[in-house]
Amino acid sequence: MQTVQVSVVGGPSVMVPWFQGMNAQQALEGAYTQINNSSVFTYALQYYGSGLGYLVVMVNETYDSFVSTSAPFYYWQFCVNGSPASTGIDGVSLNPDDVVSFSLEMYSSEIHKSTTLEAKHKSQLISAQSVA
């Protein structure tokens with residue numbers, strides 16, 4: 001059977017069966033179903049529009065942190081085979097043996113340029129400015 005790995009840095013890692021046309025969201029859902037224990041693995045998604053799709057904003061009760069307009073900011077980074085994704089989990093097609101990973105990272109404009117972290121950060125800044 002062909003599989004993909006879904007891994008959370010500092011958390012669970014599980015192999016899920018791969019199928020033709022599978023995207024990263026389906027792999028994440030498969031990991032949740034396979035673990036079947038909300039005290040071990042939970043996640044939340046937020047829709048960021050048609051350009052990005054769905055991004056992970058919480059894993060195991062740890063949310064992206066944007067509580068003010070001053071740094072530091074922490075966001076969940078979504079990677080496929082070690083490379084940051086440039087779109088959401090619903091827009092990334094997977095191949096057998098791919099590794100989907102999530103890590104909580106401190107935002108850096110240099111490091112996270114053109115990644116989903118940059119998109120999340122910009123979205124949060126816009127939201128904060130519209131509230132102020």
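The following exchange concerns the sheets, a helix and a surface patch of a predicted model.

Colleague: Which strands stand at the edges of the open sheet of three strands?

Modeller: This sheet has the order β3-β4-β5, with antiparallel pairing. Two of its strands each have a single partner strand, so one side of each is left without a neighbour in the sheet. These edge strands are β3 (43-47) and β5 (62-63).

Colleague: Which residue in β4 stands opposite Leu45?

Modeller: Strand β4 covers residues 54-59, and five bridges join β3 to β4 in an antiparallel arrangement. Opposite Leu45 in β4 stands Val56.

Colleague: What is the bridge partner of Val8 in β8?

Modeller: The open sheet of five strands follows the order β2-β1-β8-β6-β7, with mixed pairing. Within this sheet, β1 (residues 3-8) and β8 pair in the parallel sense over four bridges. The partner of Val8 in β8 is Phe102.

Colleague: What angle does the direction of α1 make with that of β2?

Modeller: Helix α1 spans residues 24-35. On the sheet that holds β2, α1 touches β1, β2, β6 (74-80) and β8. The direction of α1 makes with that of β2 an angle of about 110°.

Colleague: Is Met106 buried, partly exposed or exposed?

Modeller: Met106 lies in strand β8 (residues 99-106). With Tyr74 and Leu104, Met106 makes a nonpolar surface patch of about 260 Å². Buried means under 20% relative accessible area and exposed over 50%. Because its relative accessibility is 47%, Met106 counts as partly exposed.

Definitions and conventions
Residues are numbered from 1 along each chain as its sequence is written. This is a predicted model: local features need pLDDT of at least 70, side-chain atom pairs count only at pLDDT 80 or more; totals for chains, interfaces and linings use all residues. Side-chain values use heavy atoms; hydrogens and water are left out. Patches are made of residues with over 30% relative accessible area and no salt bridge: like charges are joined within 9 Å, nonpolar side chains (Val, Leu, Ile, Met, Phe, Trp, Tyr) within 5 Å. Accessible areas come from the Shrake-Rupley method with a 1.4 Å probe; for residues, only the protein chains shown count as cover. A salt bridge is a side-chain nitrogen of Lys or Arg within 4 Å of a carboxyl oxygen of Asp or Glu. Buried means under 20% relative accessible area, exposed over 50%, partly exposed in between (1.4 Å probe, protein chains only). Two strands pair if DSSP finds at least two bridges between them. Contact means heavy atoms within 4.5 Å. Axes are lines fitted to C-alpha atoms, for helices over the stretch in contact, and angles run from 0 to 180 degrees between N-to-C directions.
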